[in-house]
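Dear colleague,

I am passing on the structure we spoke about, and below it you will find my notes on what came out of it. Please read them with the structure open beside you.

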Amino acid sequence: MFLDFSQVDPRQAYSWLASAVIPRPVAWVSTVSAAGVNNLAPFSFFQMVTGKPPTVMISPLVQRDGSIKDTVRNAQETGQLVVNLVGFELADAMNETSFSYDADISEFERCGIASTPSSLVRPPRVAAAPVSLECELVSCMPYPAEAPSCHLLLARVLAAHFDERILNDKQLPDPEKLNLLSRMGGDWYGRTRSDANFALSRPRGWEK
C-alpha cells in the first residue's frame with residue numbers, strides 16, 4: 001500500500017502513523033500553574049533526545065478548538081515540569097488523567113492520585129511512579145509555525161528519582177523489573193516486561 005500524505009486527511013495520517021510508530025513510551029507529565037493548581041496529563045509523543053545535557057522531548061497536541069493544553073501553558077508560565085514514567089499497575093489511573101479537565105481542576109485530586117514533593121522543582125511527582133524526572137523547560141516551539149498542531153517541548157533533566165526495587169546489581173533499571181506502559185495504535189497499550197524481549201550485543205566494531 002502506498003499513501004501520499006499530501007492527499008490524506010490529517011486525522012487519518014495521525015491514525016496511520018500512531019499505529020505504525022510503536023511502541024511509544026508514556027510521559028505522565030506533572031506541572032503547576034501560575035495560580036498554584038497542579039496538573040497531571042499523559043503524552044505518548046515522548047522520547048529522550050540526548051544525554052549531554054540530559055534532555056527529553058514531549059509533543060503535546062493542540063486542542064481541537066485551537067487552544068494549548070494546560071501542560072504547555074503551565075510549563076511556559078513556570079519553566080518547570082516532571083516527567084513520570086508509568087508502571088503497568090498505574091494504567092487505569094493514567095488513563096483517567098487523559099480526560100480534558102478544566103484548568104482549575106487538579107487531576108491529582110480529582111483522580112485520587114497520590115503525589116509527593118519534588119526536590120528541585122515546584123511540580124509534584126507521582127508517588128507511585130517507578131521513575132520521575134525533574135525538568136526545566138529549555139524551549140517550547142509551536143509546530144508547524146504557520147498553523148501549529150502541536151508544541152515541541154525540550155526539557156532538561158535536573159534530577160531523577162528511581163524506585164530501588166526496579167534496579168539491578170549495577171544500580172541501573174532492570175528491564176525485567178521495570179514494567180513500563182507503552183502506547184500502541186488506537187486503544188492498544190503494551191508493557192516492557194515480556195517473554196519476547198531479548199538482548200543483542202553491539203557489533204565488534206564498537207570494541208575499538
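Not counting residues up to four places away in sequence, Thr-55 touches Met-48, Val-49, Thr-50, Leu-154, Ala-155 and Arg-156. Please bear in mind that this is a predicted model, and that what follows should be read with that in view.

Thr-55 is a useful place to begin, and its setting can be described step by step. The residue lies in strand S5, and its relative accessibility is 10%, which is under the 20% limit, so Thr-55 counts as buried. Its side chain also reaches the backbone oxygen of Pro-53, at 2.8 Å.

The strands around this residue give those contacts a context. Strand S5, which covers residues 54-58, pairs in the antiparallel sense with strand S4, residues 46-51, and the pairing runs over five bridges. The two strands are joined by a hairpin, which passes from S4 to S5 through two residues, and within this pair Thr-50 is the residue that stands opposite Thr-55. Strand S5 also pairs with strand S10, residues 150-162, again in the antiparallel sense, here over four bridges. In that second pairing, Ile-58 has Leu-153 of S10 as its bridge partner. As a general point to keep in mind while looking at these strands, side chains in a regular strand alternate between the two faces of the sheet.

Elsewhere in the chain, I would draw your attention to a nonpolar surface patch of about 590 Å², which is made by Met-1, Phe-5, Trp-16, Leu-17 and Val-21. Of these residues, Trp-16 lies in helix H1, which spans residues 10-20. Its relative accessibility is 43%, a value between the limits of 20% and 50%, and Trp-16 therefore counts as partly exposed.

The last residue I looked at is Ser-98, and where does Ser-98 lie with respect to helix H3 and helix H4? Ser-98 is placed in the loop between the two, helix H3 being residues 91-96 and helix H4 residues 107-110. With a relative accessible area of 44%, Ser-98 is partly exposed, and its side chain reaches the backbone oxygen of Asn-95 at 2.6 Å. Should you wish to relate this loop to another part of the chain, Ser-98 and Ala-145 are 47 residues apart in sequence, and their C-alpha atoms are 26 Å apart in space.

With best wishes

Note on methods: Residues are numbered from 1 along each chain as its sequence is written. This is a predicted model: local features need pLDDT of at least 70, side-chain atom pairs count only at pLDDT 80 or more; totals for chains, interfaces and linings use all residues. Side-chain values use heavy atoms; hydrogens and water are left out. Two strands pair if DSSP finds at least two bridges between them. Buried means under 20% relative accessible area, exposed over 50%, partly exposed in between (1.4 Å probe, protein chains only). A polar contact is a pair of N or O atoms within 3.5 Å; within protein, one must be able to donate a hydrogen and the other to accept it, and residues adjacent in sequence count only if both atoms are side-chain atoms. Contact means heavy atoms within 4.5 Å. Patches are made of residues with over 30% relative accessible area and no salt bridge: like charges are joined within 9 Å, nonpolar side chains (Val, Leu, Ile, Met, Phe, Trp, Tyr) within 5 Å. Accessible areas come from the Shrake-Rupley method with a 1.4 Å probe; for residues, only the protein chains shown count as cover. A salt bridge is a side-chain nitrogen of Lys or Arg within 4 Å of a carboxyl oxygen of Asp or Glu.
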